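Welcome to a short set of exercises with worked solutions. Keep the sequence and the 3D view open as you go.

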Amino acid sequence: MPPPHEPLSGGSLSWLVRFRWITAVMQAATILGAVWVLEDELPLGPLFALVAIGALSNLFLARRLRGGGPATASLPGLMLGLDIFLLTGLLYFSGGPSNPFTAIYLVHVTLAAVVMRGAWAWALGLLSTLGFGLLFFWHVPVESLSHMAHRGGGFSLHLLGMWLAFAVTATLIAAFVGRVTDALRQREAELTALRDLAARQTRLAALTTLAAGVAHELGTPLGTIAVAAKELQRTAERLGADGFAVGQDAALIRQEADRCRRILDQMAGPAGSPPGEQPEPLAWEELASALRAALGPAEQARLDLRLPPGASGPVPREGLLRTLRALLGNAFEATSAQGRVSLSAEGTDGGWRIRIQDQGVGMSPEVLARAGEPFFTTKPPGGGMGLGLFLARTFAEELGGTLTLDSAQGRGTTVDLAWPEAPHG
């Protein structure tokens, strides 16, 4: 699972880059509009120089982020602090506190409170307050702004400026604070997904340890049973017809012991792909042959394979085969003896997808919600441990992919196994 793409501070700051570009454009547009209203009263050189400083600093920030440079937790605070200084400078050259666009300070205060933590938020709020306060003592007067409230028609013009400043402030706050809030929700959702993944991996590690211990402990008695059954079968063969029934029972014991040993071998490596298995392209025809070899004649006749020519992208071969065998086993168990199961594969944008569809009775919403939990099964006792879907999902997540189920009662179940072109495993 990739890391959250919109953290509070540090990491990716694409939202801050966009905010500063829009701010620079709006500042330049406001200066040009004020020149049209106030004619020649504004010092355009210093004003546009300050806008250019903001644009250049944002260009530096954008290139640094695009180049993968480190984004420390203090970087957004430093950028917002610079913006407060630049805003103070713009207001200094354009009438100081009489400029209605002093309301823009509220944008920076709001962003500081939402984006930054602790001392940074307080420091940026104090910096905005200090910058606004200093304008009362030092600024370049603009006569049109200073006397608007006392000249005929000036009062309404000043009110219009205040209204425009309020509209700009409200727009910026609503747009960018809303975007940051969405980023927070996205971050929380991704952190929740990471916690769930970590919990599943912890359970899987516990299952692996338990399975390895069980396989080790049962291996010896199963071997003894197999040897004893073989000797019993030989004795029955020497007895001829009198030992025929005993010989059949001995053969059955050996078959079941071998079956138990195969199950233990699977339990000893339940995590999908064997440890250290490297991803490599897998020919679809080879995959089809391996899957058919794992099925009995009756199941082979009921399986519809629709695989493309060529090979898949890099994927752990044994892990994929083990996962598909488990999913096909579930599909055949859910489908009646007359029903069919289909397996298809196709390339997607940047990855691959394998889809398995059965013609079973489907799952109820309650069962579908719990499908994939370890040890959850609807099979009768002895029919399974409820680990197939859990291990398949774990395998998909190890590749950076997904395992999704679509099912409803009466229309069967569809399982999609998808992974990217360059899997993590």
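Is Glu-318 buried, partly exposed or exposed, and what is its relative accessible area? Glu-318 is partly exposed, with a relative accessible area of 33%. On this scale buried means under 20% relative accessible area, exposed means over 50%, and partly exposed lies in between, using a 1.4 Å probe and protein chains only.

A word on the ground rules: this is a predicted model, in which local features need pLDDT of at least 70 and side-chain atom pairs count only at pLDDT 80 or more, while totals for chains, interfaces and linings use all residues. Residues are numbered from 1 along each chain as its sequence is written, and side-chain values use heavy atoms, with hydrogens and water left out.

**Exercise 1. Describe the protein as a whole.**

Step 1: Start with secondary structure. The protein has 13 helices and five strands; helices (H or I, at least four residues) and strands (E, at least two) are DSSP runs, numbered from the N terminus.

Step 2: Turn to burial. Of the 425 residues, 38% are buried.

Step 3: Add the surface. About 22,800 Å² is exposed, with carbon and sulfur atoms supplying 63% of it; accessible areas come from the Shrake-Rupley method with a 1.4 Å probe, and for residues only the protein chains shown count as cover.

Step 4: Finish with contacts, meaning heavy atoms within 4.5 Å. Among contacts with a separation of 6 or more, 73% are between residues 24 or more positions apart.

**Exercise 2. Follow the salt bridges.**

Step 1: Apply the rule that a side-chain nitrogen of Lys or Arg lies within 4 Å of a carboxyl oxygen of Asp or Glu. The count comes to nine salt bridges.

Step 2: Return to Glu-318. Its side chain meets that of Arg-317 at 2.6 Å, N to O, and Arg-317 is partly exposed at 22% relative accessibility.

Step 3: Look at a bridge between distant parts of the chain. Arg-355 and Asp-416 meet in a salt bridge at 2.7 Å, N to O. Arg-355 is in strand β3 and Asp-416 in strand β5 (residues 413-420), 61 residues apart. Arg-355 counts as partly exposed because its relative accessibility is 27%, whereas Asp-416, at 13%, counts as buried.

Step 4: Look for shared partners. Glu-286, Arg-317 and Glu-318 are joined into one network by salt bridges that share partners.

**Exercise 3. Which residues does Ser-342 contact, leaving aside its neighbours within four places in sequence?**

Step 1: Place the residue. Ser-342 is in strand β2 (residues 341-348) and is buried, with a relative accessible area of 10%.

Step 2: List its partners. They are Asp-304, Arg-306, Arg-355, Ile-356 and Gln-357.

**Exercise 4. Find and classify aromatic pairs.**

Step 1: Search for ring pairs. Rings of Phe, Tyr and Trp (its six-membered ring) pair if their centres lie within 6.5 Å; planes under 30 degrees apart count as stacked, over 60 as edge-to-face and the rest as tilted. The whole structure holds five aromatic pairs.

Step 2: Take Tyr-105 and Phe-132. This pair is stacked, at 5.6 Å centre to centre with 20° between the planes. Tyr-105 lies in helix α4 (residues 105-115) and Phe-132 in helix α5 (residues 119-135), 27 residues apart. Tyr-105 is buried at 4%, while Phe-132 is partly exposed at 28%.

Step 3: Compare Trp-284 and Trp-352. Their pair is tilted, at 5.8 Å with 55° between the planes. It links helix α9 (residues 284-293) to strand β3 (residues 351-357) across 68 residues, and both Trp-284 and Trp-352 are buried.

Step 4: Group the rings. Tyr-105, Phe-132 and Phe-136 form one aromatic cluster.

**Exercise 5. Examine helices α5, α3 and α13.**

Step 1: In α5, find Ser-128. Ser-128 is buried at 3% relative accessibility, and beyond its neighbours within four places in sequence it contacts Ile-84, Tyr-105, His-108 and Val-109.

Step 2: Check the span of helix α3 (residues 75-92). The expected span is 1.5 Å times one less than the number of residues, so the 18 residues of α3 should span 26 Å, and its end C-alpha atoms are indeed 26 Å apart. Because 14 of these 18 residues are buried, α3 is largely enclosed by the rest of the structure.

Step 3: Move to helix α13 (residues 388-398), where nine of the 11 residues are buried. Gly-400 follows α13, with a positive phi near 80°.
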